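Trainee: I should like a close look at one loop residue with an unusual backbone angle, and then an account of the model around it. Would you begin with how well covered that residue is?

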Amino acid sequence: MKLAPSRICQLFFLALFLLLFVQTEYRGRDEINAAVNAFFRVDPLVLFSYLLAVKSWSWLLLPALLMVVATLLLGRFFCGWICPLGTLLDLVTSKIRKSAPIKALKGNTKYWLLLPLLSASLFNLNLSGLLDPIAILLRALTFLFYPILGMAARGGWVSLYSAIGERRDTVAPAYNLIRDNLLPFRDTIYPLAFFSAAVLICIIALERFETRNWCRNLCPLGTLLGWLGRFSPFNRLPTSLCGDCGKCRELCPTGFDRDVLIKEECILCMECQRGCPHGRISFLPGLMKGNGPLLPERRLLLGGMAGGMLLALPARFRPPEKQSRLLRPPGVQDEDDFLKKCVRCGECMKVCLKNALYPAAYQAGLEGIYTPLVIPRLGYCEYNCTLCGQVCPTGAIPSLPVEAKRREVIGKAVFDKNHCLPFARKIDCIVCEEHCPIPEKAIRSRDVQVSGLDGLVKTVKEPYLVEEICNGCGICENVCPVETKAGIEVFAVKNRTPIPVQSDGHESN
Amino acid sequence: MDRRTFIKATGSAVLLAPVLIRETLAAREPSLVAVAEGTDYAATTRKAINAVGGMKRFVKSGDVVVVKPNMGWDRASEFAANTHPLVVRAVVEECLAAGAKKVKVFDYTCNDSRRCYVNSGIEGALKGMKNVECKQIEPERFKKTTLNGQFLKEWELYDEALSANVYINVPIAKHHGLSKLTLGLKNVMGIMGGNRGYVHRSLDIALADINAHVKTHLTIIDATRILTAHGPQGGNIADVKVLNKVIASTDTVAADAFATTLFGMKPSDIPVTVAAYKRGLGEMNLDKIRIVRA
């Protein structure tokens with residue numbers, strides 16, 4: 001069977017998505033030219049929620065604006081030609097037996113999702129990424145499926161070593177090829193991994209009821225694109241089922257629930273044209289009145305607005321005890337501004353070199369779910385790495401040159417003298433000083449005469465922090481040899497003004 | 001000679017022979033430290049190696065050789081945090097020329113290993129060389145090894161370092177906050193797994209324990225440029241001093257002892273050196289070390 005052009009295009013973009021996903025990782029170069037953020041850059045849902053929340057323009061959004069224009073001209077083609085989640089659904093749906101569509105999802109349900117989401121953005125709560133289809137797919141991959149792939153592959157490789165020892169080296173080149181080009185570098189377990197995958201699986205499970213159930217009845221991006229697509233001069237003709245045939249209803253994955261084509265649900269896959277036994281169908285430009293009013297009814301508009309406002313206010317609650325460890329990626333200076341811009345797509349966490357970034361579950365409040373947090377005990381921010389800023393689609397984490405990024409303050413380290421060995425046990429350690437990447441050392445030590453635990457006087461190197469030049473990268477906390485709780489920890493600070501350029505003016509690396 | 005004299009002479013000779021043989025063995029050559037100088041780092045490295053007898057003295061045809069540089073930090077080579085790539089490459093080339101079947105170069109890095117391998121310049125310098133491996137550490141290869149040392153009873157050590165025929169230690173000479181300097185004896189930490197920070201609480205003894213267990217055939221200290229402060233990671237070019245020197249010795253303690261003088265310090269200032277000397281791992285008294293300028 002010959003593949004439809006739309007299907008070829010879908011497969012191409014799915015492959016591209018996966019390729020870019022795998023490329024969103026350090027592979028020996030400081031710059032990542034093409035990352036999976038390309039998909040978010042063209043995402044109009046990201047565009048609108050950003051504009052509503054941040055209330056200013058960013059050139060990073062230009063591709064999404066072009067997508068809006070394209071959708072206004074052509075219709076909702078993104079869903080049928082590009083969206084990788086839609087493609088995934090199209091690929092699996094034939095394996096899933098259908099029962100009847102869910103009545104409750106019909107009607108205005110999708111607007112009841114989209115409108116409060118957009119209105120909440122207006123009230124500074126940008127949660128659109130939670131329901132963005134690309135973000136849902138990406139998070140499920142990043143947090144669960146990709147780590148599982150890595151762990152399975154590495155697990156097999158390690159057990160091969162325990163079986164045959166160094167003789168494993170003979171097959172190493174083949175494994176290295178896979179490892180260097182496909183596998184994640186490090187095995188990481190993320191919070192919310194199961195939940196992220198469960199959301200995706202639920203969306204797939206919705207195919208039990210009808211094809212493209214999510215896309216048609218829930219997806220806020222699809223709803224937005226559908227609404228924009230209503231203005232398109234492109235029309236499928238004839239606009240309704242022919243009395244003598246009606247095969248379209250069978251062929252169409254989305255918009256032929258009723259006898260008339262619902263334009264905003266047509267994803268332009270053109271399956272009807274390909275499958276029409278009479279060759280009657282064409283997609284042509286021409287003025288045509290869309291079905292229904294251009295704006296949703298007033299009750300819905302007002303209700304959506306109110307819903308967003310009601311959502312926005314209580315979601316701002318942040319548990320105060322978590323604030324002290326609310327560490328954001330480098331370059332994020334203002335929490336509120338960050339939350340407005342962050343898509344929660346998970347790319348920064350995917351790319352993070354040392355796996356320092358993890359999705360917040362509840363630490364940042366309901367508002368901050370899935371936003372990236374630095375957890376230094378698990379991974380630290382590598383001094384010379386700028387990858388998270390490079391892949392962030394909206395600049396929530398600014399993309400900075402390495403000289404600037406090194407000076408960005410994530411937090412400040414604080415010693416815990418009850419745990420830190422030279423204080424608590426009167427023995428030498430200073431692993432933290434050794435690892436501190438600041439050329440002038442933000443952690444230094446001094447020789448101090450102490451009476452040891454055995455009562456004898458001895459000299460111990462006691463570390464101390466030079467707070468003005470600490471950027472909170474967290475390597476000290478990460479490498480602290482004290483088990484479980486570190487003797488030095490990074491705490492959040494309000495004033496994240498970058499540390500000043502050192503007065504000696506020497507270029508440092 | 002009458003019979004009596006003959007018997008006396010043979011008798012005493014027989015009695016004394018073992019003692020004499022032991023004496024001559026004990027009074028072996030003093031530790032030899034070769035110091036080569038020059039701005040062509042590859043040539044300088046070769047000069048130093050040749051001055052201690054050439055690589056053929058250590059590497060036999062068909063040997064698997066481990067060359068262990070210090071590439072623990074994500075710093076470019078001019079910042080003197082990692083062994084110079086040209087020095088490493090010269091050592092590797094000499095090993096291959098001496099007939100090595102395979103040369104393995106690795107380090108258990110402190111920063112992200114991918115970045116360290118790339119930005120130290122060492123991975124790049126070895127790229128495309130045949131029979132040379134510059135692989136990242138694979139954690140499963142650390143083997144719990146019985147040391148029965150004074151501080152460390154056992155520790156996880158890297159199997160490739162343990163199973164190699166020849167182990168060549170190629171540190172860079174640099175400042176270190178805790179041990180004052182990090183040289184050959186401390187570079188062995190790059191084959192240690194586990195919670196390495198733990199050994200900091202008794203670093204000198206721990207390093208003597210490991211060095212007593214791991215046989216180092218040749219130590220080549222890169223002092224082409226040294227890091228004089230803010231070690232072991234540095235990052236400020238003002239802390240780097242260019243010396244254009246490469247030091248080679250079969251005695252790591254002696255090599256370290258000499259390298260200490262480059263920083264204006266005495267070997268006895270460095271507890272790691274002193275502990276290794278006391279353990280009998282080598283000579284640290286500079287007047288008992290034969291220093292050859294190559």
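Mentor: In this predicted model, T484(A) counts as exposed because it has 6 C-beta neighbours inside 10 Å, and the limit for an exposed residue is 12 or fewer. T484(A) lies in the loop between α24 (475-479) and β8 (488-491) of chain A. Its phi is positive, about 50 degrees, although T484(A) is not a glycine.

K441(A) offers a useful parallel. The phi of K441(A) is near 65 degrees, again a positive value in a residue other than glycine. K441(A) is found in the loop between α23 and β6 (443-451) of chain A. The surroundings of K441(A) give another result: with 25 C-beta neighbours inside 10 Å, K441(A) counts as buried, since 20 or more are required for that class. A further positive phi, near 75 degrees, belongs to N124(A), which follows α7(A).

Both T484(A) and K441(A) should also be placed within the domains. The domain assignment of chain A gives domain 1 (5-138 + 193-299 + 304-309) and domain 2 (411-490). The centres of these two domains, taken over C-alpha atoms, are separated by 53 Å. Chain A as a whole contains 24 helices and 8 strands, and its C-alpha atoms fill a box of roughly 100 × 60 × 40 Å along the principal axes. Of its 509 residues, 45% count as buried. Among contacts between residues at least 6 apart in sequence, 75% join residues at least 24 apart.

The helix α23 (431-435), which precedes the loop of K441(A), also takes part in the contact between the chains. That contact takes 34 residues from chain A and 28 residues from chain B. On the side of chain A that touches chain B, the elements giving two or more residues are α9 and α23 of chain A. The largest share of that side, 4 residues, comes from α23(A). By residue class, the side of chain A divides into 16 nonpolar, 7 polar and 11 charged.

The helix α9 (133-164) leads in turn to α1(A), for the buried residues of α1(A) pack against α9 as well as against α2 (37-41), α5 (77-81) and α6 (84-93) of chain A. Helix α1 (5-23) has 19 residues and reaches 26 Å from its first C-alpha to its last, close to the 27 Å expected. Its buried residues are S6(A), Q10(A), L14(A), F17(A) and F21(A). They lie on the same side of α1(A) because they cover an arc of only 75 degrees around the axis. On the other side, P5(A), I8(A), A15(A) and L19(A) are exposed. An α-helix has 3.6 residues a turn, so residues three or four places apart point the same way.

Helix α7(A) also has many neighbouring helices to consider. α7 (109-122) has 14 residues and reaches 20 Å, close to the 20 Å expected. Residues buried there include K110(A), L114(A), P116(A) and S121(A). The buried residues of α7(A) pack against α3 (44-54), α8 (128-131), α12 (213-217), α13 (220-229) and α16 (298-312) of chain A. One of these partners, α13(A), is mostly covered, with 9 of its 10 residues buried.

Returning to backbone geometry in loops, a cis peptide bond joins L237(A) and P238(A), with omega about -10 degrees. P238(A) sits in the loop between β1 (234-237) and α14 (247-251) of chain A. In chain B, a cis peptide bond joins G231(B) and P232(B), with omega about 0 degrees. P232(B) is placed in the loop between β10 (218-227) and β11 (240-249) of chain B.

Finally, the confidence of the prediction deserves attention. Chain A averages a pLDDT of 91, and 97% of the residues score at least 70. Over residues 505-509 of chain A, however, the pLDDT is below 50, and beyond near neighbours in sequence this stretch has 11 contacts in the model. For chain B the mean pLDDT is 92, and 95% of its residues reach 70 or more. The model scores ipTM 0.88 and pTM 0.90.

Methods:
Residues are numbered from 1 along each chain as its sequence is written. Chains are lettered from A and ligands numbered from 1 in the order in which they are written. This is a predicted model: local features need pLDDT of at least 70, side-chain atom pairs count only at pLDDT 80 or more; totals for chains, interfaces and linings use all residues. The expected span of a helix is 1.5 Å times one less than its number of residues. The arc is that of the directions from the helix axis to the C-beta atoms. Two residues are in contact if their C-beta atoms, placed from the backbone, lie within 7 Å. Ala, Val, Leu, Ile, Met, Phe, Trp, Tyr, Cys and Pro count as nonpolar, Asp, Glu, Lys and Arg as charged, and the others, Gly among them, as polar. Domain bounds come from an automatic or database domain assignment. pLDDT is the predictor's confidence in each residue, from 0 to 100.
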